[in-house]
Amino acid sequence: MGTLGGHLVAALLFLIVVLYYSVLVSLALLRGQRLLKRPLPPRDKRGHRWWQLVSVEAVVKVVFSLIVILPELFYPPGANRMVMVDWEDPKRPFVFQDTWQHVTMYGFFLLSGVVDIVSQVCQTRQNMKLERAAEALAFCVLVLLMINHIENKNTLESRVHALFMLPAFLVGLVLIIEVWVPDQPSLWVLKTWMGLVLSNWLLHLTVLIYAPPSGQPWSGDNPVDLAFVTTFFCWHLGLAAVMLAAIYGLCSLWHHRFSSWKRAPGAEYQPCPLREGSEEPEKFRAGALQLDGGV
């Protein structure tokens with residue numbers, strides 16, 4: 001992933017997932033849902049096809065993780081970074097440090113997807129707490145490895161990766177809280193907001209490090225460049241909030257339009273038209289009094 005393409009693919013995949021969750025959270029808030037995602041029915045009440053047994057999110061975790069792991073090890077074609085130790089060197093040094101850190105990061109997201117599948121397919125009832133714990137573990141590993149990842153980097157790369165760790169840490173913290181206190185709308189919003197910051201910032205740091213628009217590389221020795229890195233990150237906090245608000249607004253329009261379509265014409269309550277001097281109200285009152293007297 002230590003290339004423009006590797007960072008770009010990872011950032012876009014993160015962004016796709018977070019945009020999906022942004023829509024999910026927005027619709028849950030508009031509908032007043034108590035649960036963000038309903039658990040799957042018991043296994044014996046589901047169909048027998050695989051897409052009826054497993055959630056889309058679990059499959060997406062596995063597929064997206066493999067998309068970023070395999071190029072780390074085997075791209076460009078003919079490369080093989082499966083080796084961890086250089087056995088030809090008498091000192092037996094470790095090799096491909098960055099590759100193995102990236103593979104480990106995404107390997108835990110792959111593990112989270114596998115845990116989801118096992119929870120949904122192999123157990124009688126879906127274990128939501130186990131799934132949340134596995135996802136929280138993936139983000140905790142991401143932060144831990146990122147702390148080591150910035151070692152031996154220049155000042156600029158250390159700064160942008162340190163800022164990347166902030167939203168990753170907050171997402172992991174929210175996921176840990178949700179293991180014991182799930183389905184809190186405020187946590188849904190915070191997690192989604194930080195997820196947008198994380199994916200947007202990963203896109204930005206990819207451009208900043210590998211393809212700066214000015215054509216001139218940023219300098220870690222220039223304090224002005226470092227100051228603007230932090231400034232841009234703060235802008236991303238606001239940009240992510242605006243994106244989330246825009247998604248909520250679009251979902252609100254769709255929700256109200258869809259609700260109006262579903263409402264059948266004439267389904268609203270309408271008073272029964274009665275002619276003046278009609279005997280029907282008197283008959284109704286007399287019947288009600290007889291029922292009261294019988295009770």
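How many helices and how many strands does the protein have? The protein has nine helices and zero strands, in a model that is predicted. Read along the sequence, the pattern is therefore an unbroken α-α-α-α-α-α-α-α-α, where helices are DSSP runs numbered from the N terminus. Of the 295 residues, 37% are buried. The accessible surface of the protein comes to about 18000 Å², and carbon and sulfur atoms account for 66% of that area. Among the contacts with a separation of 6 or more, 71% are between residues 24 or more positions apart.

The UniProt record, an unreviewed entry, places the feature "transmembrane region" at residues 6-30, 50-70, 103-121, 133-150, 162-181, 193-211 and 226-254. Two of these stretches can be set against the coordinates. Over residues 103-121 the chain is 100% helix and 0% strand, and the C-alpha atoms at the two ends are 26 Å apart. Residues 193-211 are 95% helix and 0% strand, with end C-alpha atoms that are also 26 Å apart.

Helix α1 covers residues 4-31. Its 28 residues reach 41 Å from the first C-alpha to the last, close to the 40 Å expected at 1.5 Å a residue. After α1 comes Gly-32, with a positive phi near 65°.

Helix α3, residues 56-74, gives a similar check on length. Its 19 residues should span 27 Å at 1.5 Å a residue, and the end C-alpha atoms are 27 Å apart, so the two values agree. The buried residues in α3 are Glu-57, Ala-58, Lys-61, Val-62, Ser-65, Val-68, Ile-69, Glu-72 and Leu-73. The list includes the residues Glu-57, Lys-61 and Glu-72 alongside Val-62, Val-68, Ile-69 and Leu-73. Which helices do the buried residues of α3 pack against? They pack against α1, α4 and α5.

Two of those partners, α4 and α5, also take part in the aromatic contacts. The structure holds seven aromatic pairs. A pair of aromatic rings is described by the distance of the centres and the angle of the planes. For Tyr-106 and Phe-109 the centres are 6.5 Å apart and the planes are at 40°, so the pair is tilted. Both residues lie in helix α4 (residues 97-121), three residues apart, about one turn of the helix. Tyr-106 has a relative accessible area of 9% and is therefore buried, and Phe-109, at 13%, counts as buried too.

Phe-109 also pairs with Phe-139, with 5.1 Å from centre to centre and 85° between the planes, an edge-to-face arrangement. This pair links distant parts of the chain: Phe-109 is in α4, whereas Phe-139 is in α5 (residues 128-149), 30 residues apart. Phe-109 and Phe-139 are both buried. Ring pairs join Phe-14, Tyr-106, Phe-109 and Phe-139 into a cluster.

The backbone holds some points to check in the loops. Most residues other than glycine have a negative phi, and most peptide bonds are trans. Phe-96 is not a glycine, yet its phi is positive, about 55°. Phe-96 is found in the loop between α3 and α4, and its relative accessible area of 37% makes it partly exposed. Asp-183, likewise not a glycine, has a positive phi of about 60°. Asp-183 is found in the loop between α6 (155-180) and α7 (185-210). Asp-183 is partly exposed because its relative accessible area is 22%, and buried means under 20%.

Further along the chain, Ala-245 lies in helix α8, which runs over residues 223-262. At 47% relative accessibility, Ala-245 counts as partly exposed, because exposed means over 50%. The C-alpha atoms of Ala-245 and Trp-193 are separated by 9.8 Å, although the two residues are 52 residues apart along the chain.

Cysteines are the last topic. A disulfide is a covalent bond between the sulfur atoms of two cysteines. How many disulfides does the structure hold? The structure holds zero disulfides. Cys-122 has a relative accessibility of 52% and so counts as exposed, whereas Cys-140, at 29%, counts as partly exposed.

Terms used
Residues are numbered from 1 along each chain as its sequence is written. This is a predicted model: local features need pLDDT of at least 70, side-chain atom pairs count only at pLDDT 80 or more; totals for chains, interfaces and linings use all residues. Side-chain values use heavy atoms; hydrogens and water are left out. A disulfide is a pair of cysteine sulfur atoms within 2.5 Å. Buried means under 20% relative accessible area, exposed over 50%, partly exposed in between (1.4 Å probe, protein chains only). UniProt positions are given in the numbering used here, feature names are shortened, and annotations may be inferred rather than shown by experiment. Helices (H or I, at least four residues) and strands (E, at least two) are DSSP runs, numbered from the N terminus. Rings of Phe, Tyr and Trp (its six-membered ring) pair if their centres lie within 6.5 Å; planes under 30 degrees apart count as stacked, over 60 as edge-to-face and the rest as tilted. Contact means heavy atoms within 4.5 Å. Accessible areas come from the Shrake-Rupley method with a 1.4 Å probe; for residues, only the protein chains shown count as cover. The expected span of a helix is 1.5 Å times one less than its number of residues.
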